[in-house]
Amino acid sequence: MNAPAAAPNRAEIESAASDRPTWELYSTCIHCGLCLSACPTYRVLGTEMDSPRGRIHQVLEVDSGRLPIADDFVTHIDRCLDCRACETACPSGVQYGRIVERARAMIEQEYERPWLARCLRDYFFRTVLRDYRLLARWARAVRWYQHSGLQALLRATGLLRLLGLAGLERLAPAMDERFTFEEFGYVFPHEGEQRGRVALLAGCVASVAFSEVNHAAIRVLQKNGVEVFIPEAQGCCGALHAHAGFREEARRLARRNLKVFADDRFQAIITTAAGCGSTMKEYADLLAADPECAEEAKKFTAKVKDVTEYLAALGLRPPPHKIQARVTYQDPCHLAHGQRIHAAPRELLKAMGVELVEMAHSDQCCGSAGSYNITQNELSMRILEEKMDAIDAVKPDVIATANVGCILQLRAGLARRRMHAEVRHIVELLDRCY
Ligand code: SF4
Ligand code: SF4
């Protein structure tokens with residue numbers, strides 16, 4: 001029998017009250033429409049209700065009681081990628097990410113999704129992502145499926161296509177043999193003269209499916225004189241939760257990470273995933289109404305750095321080898337729009353000696369957006385098509401990016417188009433150069 005849920009404490013009650021979109025947030029929209037062409041869902045669907053301006057208007061209507069939180073509202077808010085391209089385009093400084101994440105929190109609290117969706121969302125967000133041992137068990141099961149011959153058999157027989165699951169199945173990442181979890185608690189020493197000391201947030205999906213990206217980041221940091229520690233009791237950063245409206249769950253995870261990473265010996269908290277970095281840089285906002293954690297969250301937020309941001313600011317030791325390839329760079333939304341980091345990844349690419357060719361609209365979303373490519377698969381694939389057109393036009397040998405979700409989506413895009421190019425995280429390319 002499950003234990004009865006604990007009564008919410010004062011911090012939880014005050015924080016939940018701060019989860020509603022406020023007049024101060026949405027009244028900054030002056031309805032000019034300059035964000036429309038930057039919005040992937042507006043470009044693909046062409047409907048005002050699927051534009052930033054239209055969504056802000058719906059949130060206002062709900063907040064003033066003129067529109068119910070019903071299927072229509074939920075559909076338009078669910079379709080948003082939370083890519084925040086509209087924030088970059090907006091001349092009025094609308095903080096759209098804060099509005100949509102609060103709208104989703106409202107939906108989570110006041111709208112009843114169909115039974116199966118509710119169960120799956122609860123299990124994924126409240127159980128699997130909270131417990132890394134359970135996540136590891138699931139990852140091992142998927143790895144067994146991928147390596148036992150079952151995957152090849154199901155693909156060859158066409159059964160997945162028959163069930164309408166072929167597209168989704170191809171989006172699942174190849175699971176690693178060894179997970180980054182096994183290295184929690186390890187310290188990786190710096191090489192040469194010490195230039196820094198950092199803690200690494202390994203990430204949830206990154207730890208089981210992209211541990212090589214974490215390893216590459218560690219090796220590159222070591223080569224640049226930085227000692228790297230992977231704190232043992234760290235958990236998921238809460239980005240997927242915050243984006244899906246599970247803000248109380250995101251706060252629980254944030255509080256845990258505040259404790260785990262509270263060590264003045266680290267100059268920075270490094271992440272290789274743009275989505276994680278963006279959310280961790282917003283812990284101060286997430287925990288603003290929690291009197292016990294608000295100050296700690298501000299200190300934490302100030303130390304969070306994307307690995308590309310940290311390395312570019314540190315200054316690379318000259319890499320001994322160059323990469324001779326035509327490379328295009330896909331800006332992850334939560335790096336370009338969430339953290340406003342554009343130059344650092346490009347500086348690192350230039351230091352590797354690559355021929356950098358810019359695709360058109362490199363900061364437009366590829367359609368990955370956390371779990372969006374699964375929950376809104378059809379729309380996500382239409383958005384991906386635009387991205388693949390832009391990539392095809394520059395014919396790169398390598399597509400570089402800085403977020404594991406983008407890597408998966410772009411690989412799926414290449415496979416759909418039967419195009420050939422390598423998709424790599426920037427630290428993987430740097431790792432080759434050292
Ligand atoms: S976050 Fe992205 S998808 Fe959502 S409204 Fe803004 S531009 Fe459109
Ligand atoms: S650009 Fe900004 S102010 Fe203009 S409609 Fe879009 S969100 Fe509103």
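1. Across this predicted model, the structure holds 44 salt bridges. As general background, side chains of opposite charge can pair when their charged atoms come close. One such contact is the salt bridge in which the side chains of Asp78 and Arg113 meet, with an N to O distance of 2.9 Å. Asp78 belongs to helix α5 (residues 71-78), whereas Arg113 sits in the loop between α7 (96-110) and α8 (115-128), so this pair ties together parts that are 35 residues apart in sequence.

2. Turning to the ligands, the surroundings of ligand 1 consist of Cys39, Pro40, Pro52, Arg55, Cys80, Leu81, Asp82, Cys83, Arg84, Cys86 and Tyr96. When this shell is divided by class, eight of its residues are nonpolar and three are charged, while no polar residue is found in the shell.

3. Ligand 2 has 13 residues around it, and those that come nearest are Cys29, Cys32, Gly33, Cys35 and Cys90. The shell around ligand 2 comprises nine nonpolar, three polar and one charged residues. As for the space that ligand 2 takes, it is the largest cavity.

4. On the surface, a nonpolar patch of about 580 Å² deserves a look in the viewer, and it is made by Leu159, Leu162, Leu163, Leu165, Leu168 and Ile374. Of these contributors, Ile374 lies in helix α23, which covers residues 372-375.

How values were computed: Residues are numbered from 1 along each chain as its sequence is written. Chains are lettered from A and ligands numbered from 1 in the order in which they are written. This is a predicted model: local features need pLDDT of at least 70, side-chain atom pairs count only at pLDDT 80 or more; totals for chains, interfaces and linings use all residues. Side-chain values use heavy atoms; hydrogens and water are left out. Patches are made of residues with over 30% relative accessible area and no salt bridge: like charges are joined within 9 Å, nonpolar side chains (Val, Leu, Ile, Met, Phe, Trp, Tyr) within 5 Å. Accessible areas come from the Shrake-Rupley method with a 1.4 Å probe; for residues, only the protein chains shown count as cover. A salt bridge is a side-chain nitrogen of Lys or Arg within 4 Å of a carboxyl oxygen of Asp or Glu. Helices (H or I, at least four residues) and strands (E, at least two) are DSSP runs, numbered from the N terminus. A residue is near a molecule or strand if one of its heavy atoms lies within 4 Å of it. On a 1 Å grid over the protein atoms alone, a cavity is a set of points where a 1.4 Å probe fits but cannot get out, and a pocket is an open set with protein on both sides within 12 Å along at least five of seven lines; lining residues have an atom within 4 Å of a point. A molecule sits in a cavity or pocket if more than half of its atoms lie within 2 Å of its grid points. Ala, Val, Leu, Ile, Met, Phe, Trp, Tyr, Cys and Pro count as nonpolar, Asp, Glu, Lys and Arg as charged, and the others, Gly among them, as polar.
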